[in-house]
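Trainee: Could you take a close look at the salt bridges and walk me through them one pair at a time, with the surroundings of each partner?

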Amino acid sequence: MADPRGFLKVRERELPPNRPVAVRLLDWKDTHDVRVDGQPFLKEQAGRCMDCGIPFCHQGCPLGNLIPEWNDLVWRGQWADAIDRLHATNNFPEFTGRVCPAPCETSCVLGINQPAVTIKNVEVSIIDEAFARGLVTPHVPERLTDSTVAVVGSGPAGLAAAQQLTRAGHTVVVYERDDAIGGLLRYGIPDFKLEKWHIDRRLAQMEAEGTRFRPGVEIGRDISWDALRRRFDAVVVATGATVPRDLPLPGRELDGVHFAMDFLTPQNHVVAQAGDDGELPPLPEGAPSAAGKHVVVIGGGDTGSDCVGTALRQGAASVTTLAIGRKPPVERPEGQPWPTDPILFEVSTSHEEGGERTYLASTVGFTDDGEGRVRSLRVAETEYLPDGRRVPRAGTERELPADLVLIAMGFTGPETQPLEEQTGIEITDRGLVARGEDYAASLPGVFVAGDAGRGQSLIVWAIAEGRAAAAAVDEYLAGGTELPAPVRPRTHALRA
C-alpha cells in the first residue's frame, strides 16, 4: 500500500474536466481528454485506494481486475508494471475505461462513507499512458498448434476470445459482417464516447500477434454456418444481442419513428469517412436526421444518451428523453446496499449538453400528420400496479410534439434465424443461443460468448465471457488449458 493515509488526506474524487459543451457540440471528438499529462491529481486519486484486506472492487468487476495493485503502481509511477497488472485480467482497458459504467466503483469499500476511488479514470489513464510510452506490444505465441478457430462477431466478446486463443497458439479468423472490425464498438457507439482510433491501434496489435480479420463477410449468407464448421476445428459465436426491443403501439409504422441503431449507425459511418479537415460527407439518402427537428428518445439508458448527443450535434430543435419509470435517487437507496450496483440518477456527457428528461412517461401511441409522418406522441403518466406492472394512468394523456422518434429500449437477443435454420442449433426460450457450463452450444465444436448467449449486458461482461469461452475452446482443442476463465456462463432453459 503506497500511502496508508491517502484516503484520509484526499477525501474527494477529482476527475479530468470535460471539454466545454459549446466546443464539443461542434465536432464528434471525445468529450474529454484523459491522458495523464495535465492530471497532476491522478497520483493522489490512486493513493486514495485503501488496499483493502478484502477488495470488494474485485467482485464488482466480472473480469476480476487487480484494482488495488495497479492503483498502487500508478501512485508509484511504475507504468510498465501497472499495465502488466491491468492486462493480466483485461484485454481492452481502453474500451472499458471509456464506456463501462464501472460497477467496480459502486463496490469500492471507500464508498461506504466517502466518494469511491476514481477506478475507471485510473484504468483508462494506465492504458493511454502505456500506448504513449510504447509499452503495448504484440504477444506472439511461442508455438503454433494445428488447430483453427473461427470467431463470428468482432465486438468485445469476439475480440477477447480471439486474442486469447491466438496467444494460445491457435490460428484464429474473426468474421464481421460490417465493413470494419469492432461490432457495436465501431458503428454503435458514437465517437464522442469512443473514438475509433482506439479500436484500430488494438487491432494492429492483434494482427501482429497473428489474428486474421475478415470484415464484410456475413456468416449464414456469404458462408453457410455448416460450411464454416467444416472449415474450422472450433467456432465461437459472438454475434451480440442486436435485435432491438420494439414498441408496438398505434402509429408505430409512421415515417419518422425509428430504432435507435437505425439513427446512430449511419451517423457513425459518416464520421468514419471524415476527411483530414474534419468535414463530413452527407448522411446517406433515407437515413434519419435530427437537423431542425423535435426529437423524442424513448428509453433512458446508454443508447438513449447516445441518441441525445448525436441529435444535438446534428442540430435538433429540441431533444426530450422519456423514461417509463420513476426518476432514480441521487443517493444509494436502502434496498440496494453496498456493495451492490445501485440504480442511481446519472448525468451523462450527452445530458450535460442539452435536452430534457421526463420520468413516469408511458407512450400510448404516435400521431399522424396526415401525410404518413409522425407529428407527436401521445404520452400518459405511468402508474404502478400492486403486482409491479407499469401502465398508463387514465386521464393523464397529453401530446408531445415530435418530428423524429427514436426507440432506445434495449435489445431482446441475437439474430438466430440463419444459424438455427442452417444447423438446427438449440435456442433458449429467451431466443438466445443455448450453451452449457463450458460455453459449449448443442453442436460439437461450437461455443457461445457474450450477449449472444447471455443476453444484453455490459462490455465488461462481454470481455470476461470472451476470455472464459476462449479457455473452454482451448481445453476442447488441446485437452487442457492455462487460459483464465473469470466467469461462468449464464444459462437459460431450452425451448419447450
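**Salt bridges, pair by pair**

Mentor: Let us begin with Glu399 and Arg375, whose side chains meet in a salt bridge with an N to O distance of 3.4 Å; the term stands for a side-chain nitrogen of Lys or Arg within 4 Å of a carboxyl oxygen of Asp or Glu. This is a predicted model, in which local features need pLDDT of at least 70 and side-chain atom pairs count only at pLDDT 80 or more, while totals for chains, interfaces and linings use all residues. Residues are numbered from 1 along each chain as its sequence is written, and side-chain values use heavy atoms, with hydrogens and water left out.

Glu399 belongs to strand 13 (residues 398–401) and Arg375 to strand 11 (residues 374–384), so that this pair links distant parts of the chain, 24 residues apart; strands (E, at least two residues) and helices (H or I, at least four) are DSSP runs numbered from the N terminus. Glu399 counts as partly exposed because its relative accessibility is 43%, and Arg375, with a relative accessible area of 40%, is partly exposed as well. Here buried means under 20% relative accessible area, exposed over 50%, and partly exposed in between, with a 1.4 Å probe and protein chains only.

A second pair joins Asp128 to Arg201, with the closest N and O atoms 3.2 Å apart. Because Asp128 lies in helix 9 (residues 119–132) and Arg201 in helix 12 (residues 197–209), this salt bridge ties together parts that are 73 residues apart in sequence. The partners differ in their surroundings: Asp128 is buried, at 6% relative accessible area, whereas Arg201 is partly exposed, at 21%.

The third pair is Arg24 and Glu353, whose side chains form a salt bridge at 2.7 Å, N to O. Arg24 sits in helix 2 (residues 21–24) and Glu353 in helix 16 (residues 349–353), and the pair links distant parts of the chain, 329 residues apart. Both Arg24 and Glu353 are buried. This pair is also part of a network of salt bridges, in which Arg24 and Glu353 are linked with Arg313 and Glu352.

As a general background, side chains of opposite charge can pair when their charged atoms come close. For the structure as a whole, the search finds 29 salt bridges, among which the three pairs described here are examples.
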